[in-house]
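Grab a coffee and work through these short exercises on charged pairs and a surface patch. Try each one before you read its solution.

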Amino acid sequence: MSDFPEILTNSRFYLELKLDGSQEPVDAYFMECQGFKTTQQVIEISEVTPQTWGKNGKTNGRIIRTKIPGNVTYSNIVLRRGLTISMTMWKWLAAVQEGKWGEQRRDGSLVIYNQAANEQFRLEFKNAWPTGYTISDVQAAGSEHEIEEIEVVVEELKRVQVS
């Protein structure tokens with residue numbers, strides 16, 4: 001075993017999504033994704049503390065500013081893949097649009113593998129639901145693959161230890 005960690009490349013990864021109630025082990029695989037970002041807001045607190053200063057030696061207030069961590073936010077995740085005949089992603093979006101978004105929140109994970117196909121990295125997201133769906137423009141004369149894209153809202157994003 002090497003003393004240096006393996007540099008993971010993006011050439012061997014997929015994002016797997018499993019929806020509750022499905023008979024399939026995995027409902028969708030995506031080959032491109034973006035938006036895995038977490039940010040913590042900064043809250044600035046100002047306090048006035050007594051301090052003796054100035055020529056007259058009076059006690060006056062001094063403003064002390066402290067920055068503390070605030071709410072954590074997560075970016076939407078955008079998933080892309082070649083268009084398939086599967087209706088899973090469309091049905092998931094349609095259920096949310098019909099007002100059943102609370103029942104449609106799902107968990108998933110981004111998995112990156114090394115060149116030997118062993119899992120090396122896992123980023124899990126919680127309570128995801130689709131907010132947008134796009135199919136690339138279709139041209140009968142074109143030779144490019146059609147792309148299906150789904151934008152997903154996530155409530156939690158965390159990296160987990162891979163054993």
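Before you start: a residue counts as buried under 20% relative accessible area, exposed over 50%, and partly exposed in between. Keep in mind that this is a predicted model.

**Exercise 1.** Work out whether K126 is buried, exposed or partly exposed, and find its salt-bridge partner.

*Solution.* Start with the accessibility: K126 has a relative accessible area of 25%. That value falls in the in-between class, so K126 is partly exposed. Next, look for the partner: the side chain of K126 meets that of E124 in a salt bridge, 4.0 Å from N to O.

**Exercise 2.** Find the salt bridge between R81 and E148, and say which parts of the chain it ties together.

*Solution.* First the distance: the closest N and O atoms of R81 and E148 are 2.7 Å apart. Now place the residues: R81 sits in strand β6 (residues 77-82) and E148 in strand β9 (residues 147-153), so the pair ties together parts 67 residues apart in sequence. Finally, check exposure: R81 is buried at 9%, and E148 is buried at 1%.

**Exercise 3.** Do the same for R65 and E44.

*Solution.* Their side chains form a salt bridge at 3.3 Å, N to O. R65 belongs to strand β5 (residues 59-74) and E44 to strand β4, so this bridge links parts 21 residues apart in sequence. As for exposure, R65 is exposed at 56%, while E44 is partly exposed at 46%.

**Exercise 4.** Which residues join I43 in a nonpolar surface patch?

*Solution.* I43 lies in strand β4 (residues 38-52) and is partly exposed at 40%. Its patch partners are I45 and I68, and together the three have about 210 Å² of accessible area.

Technical notes. Residues are numbered from 1 along each chain as its sequence is written. This is a predicted model: local features need pLDDT of at least 70, side-chain atom pairs count only at pLDDT 80 or more; totals for chains, interfaces and linings use all residues. Side-chain values use heavy atoms; hydrogens and water are left out. Patches are made of residues with over 30% relative accessible area and no salt bridge: like charges are joined within 9 Å, nonpolar side chains (Val, Leu, Ile, Met, Phe, Trp, Tyr) within 5 Å. Accessible areas come from the Shrake-Rupley method with a 1.4 Å probe; for residues, only the protein chains shown count as cover. Helices (H or I, at least four residues) and strands (E, at least two) are DSSP runs, numbered from the N terminus. Buried means under 20% relative accessible area, exposed over 50%, partly exposed in between (1.4 Å probe, protein chains only).
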